[in-house]
Amino acid sequence: MNRWYCQEKDSIVGKRLDSFTFSEERMAVAVSHMMKFTKQNLFFLVSGMIIYVVDIGVDFWVASRYFCQGQYSWSILILCFRGLSSIITQIFSYEWFKNDWEGTDTGKLKLVFLVHLFHCGIFIRYWFALKYGCQAAFKQTSSRGASEADPSNFIQKQVVDAVTDINMLRVFKTFLETTPQLFLQIYILLGHGKTNFYQYAAIIMSFCGISLSMVDYQISLRKSLPDKDEFRVLSKFTYLFYKLLTITSWMLSISLITLLSVRISVILLIFLWICGFSWTLKQHTTFCKSKKMEYLYRTVVGIILIFSFFNIKGRRTKVCISIYYATHSVVTLGIFLVYMFWKPSIIKEIRFTIVSISTISSLVLGIIFLVVYYSHFHPTTYCTRQACSDEVDEVAWQKDRMETGRFQNFLMQ
């Protein structure tokens, strides 16, 4: 079920389009635009699944190597990152199945619960996505005069919803496991100087995981919005570089401060999480049906906000994102000032020079890509009154804003 659009089982087509006074022809165009699933999308889906499986193997391989070398703390940290992200994604996945299958055979839910208990829930979702994805990608029919009730559009809707759920879970995994592990590997390389093939393998897999997760997320976002432009190649790369460069710069900054003092680093990360969690509380998010799941969601968002900006309400973010990355810039510059006065001898080392240049250049380039993306490629309106004034009266527009609130609670930009 497409969790970006509704809190109930109705999809955006059943809610948003019904509240609009579309003609049949315009409705068909909107449905077709939103639900078109191509062979390229199928390729990204299969690639994401392969990387997901390989990433699991690399995690256990790296953890075992550290364990054999007597680096037990690093091995345990890697397994903890993996375990924590898996537990949380399984919880969300099962809750979504339970909500989507409400009123169906309880035997199905018991089987799904067992699969999630063994941390294999996402593979059920991949199976559904591949099943409908192959049908949608290789059996596309003309959408002229089509509606959601048509078999072809039904299949398109099923695969878009299935892929959307997978990509949302992968976003959670990216910031609960992949990004923290990237930080750990960078810290080990900078702090201990020992380099091994498996360390580089872990870093490469982390970057691949982050990259695919970010791009797939945006693809699903654009497909879920009938009034948004297609996520084209140039916009994909712009968004990808914006995210990768800003995250890389921040990972290097945190690694540098961790080298100075692990205690200070932990305090900083906890403080940032408290700020992020408090912000989500202030936003009064309504992403989940139950209060317990909502607080878990807010906890996860607080962790995500440590590493990257996350718009949880679908509102204008110019001020928030400016404050967010201005804070990152100030903290990064503060770290370098601390090194200048606290560890002046390290500044002369070539390794520190390389890391400093990489950190600053990544931050500057990342912000440049951010500005370019938001200026030229970002879908800046969520069905604004100007866009809808010729099709929706004021009452219907307000009603639609309320019904599609869940979508606006999960927008990472």
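I started with the second largest cavity, which is lined by Gly48, Ile51, Tyr52, Asp55, Arg170, Lys173, Thr174, Thr178, Gly209 and Ser213. Helix 3, helix 7 and helix 8 each give two or more residues to that lining. I noted about 90 Å³ of space in there.

For my own reference: on a 1 Å grid over the protein atoms alone, a cavity is a set of points where a 1.4 Å probe fits but cannot get out, a pocket is an open set with protein on both sides within 12 Å along at least five of seven lines, and lining residues have an atom within 4 Å of a point. Grid points are joined across faces, edges and corners, and a volume is the space filled by probe spheres set on the points. Helices are DSSP runs (H or I, at least four residues), as are strands (E, at least two), numbered from the N terminus.

Reminder to self: this is a predicted model, where local features need pLDDT of at least 70, side-chain atom pairs count only at pLDDT 80 or more, and totals for chains, interfaces and linings use all residues. Residues are numbered from 1 along each chain as its sequence is written, and side-chain values use heavy atoms, with hydrogens and water left out.

Next, the cavity list: I got 5 cavities of 30 Å³ or more in the whole structure. The largest one holds about 140 Å³. It has 15 lining residues, and Phe37, Val163, Asn167, Ile219 and Ser220 are the closest to its centre. Helix 7 supplies the largest share of that lining, 7 residues.

Then I looked at the largest pocket, with about 580 Å³ of space. Of its 21 lining residues, Phe81, Pro180, Phe183, Val266 and Leu269 are the closest to the centre. Helix 4 (72-100), helix 7 (151-192), helix 10 (262-283) and helix 11 (291-307) each give two or more residues.

Which loop holds histidine 284? I found it between helix 10 and helix 11. Its phi is positive, about 55°, although it is not a glycine. Histidine 284 is exposed, with a relative accessible area of 58% (buried means under 20%, exposed over 50%, partly exposed in between, with a 1.4 Å probe and protein chains only).

Histidine 119 also caught my eye, with a positive phi near 60°. I placed it in the loop between helix 5 (106-117) and helix 6 (121-138). Histidine 119 counts as partly exposed because its relative accessibility is 34%.

Last entry, the whole chain: I counted 17 helices and 0 strands. Buried residues make up 54% of the 413.
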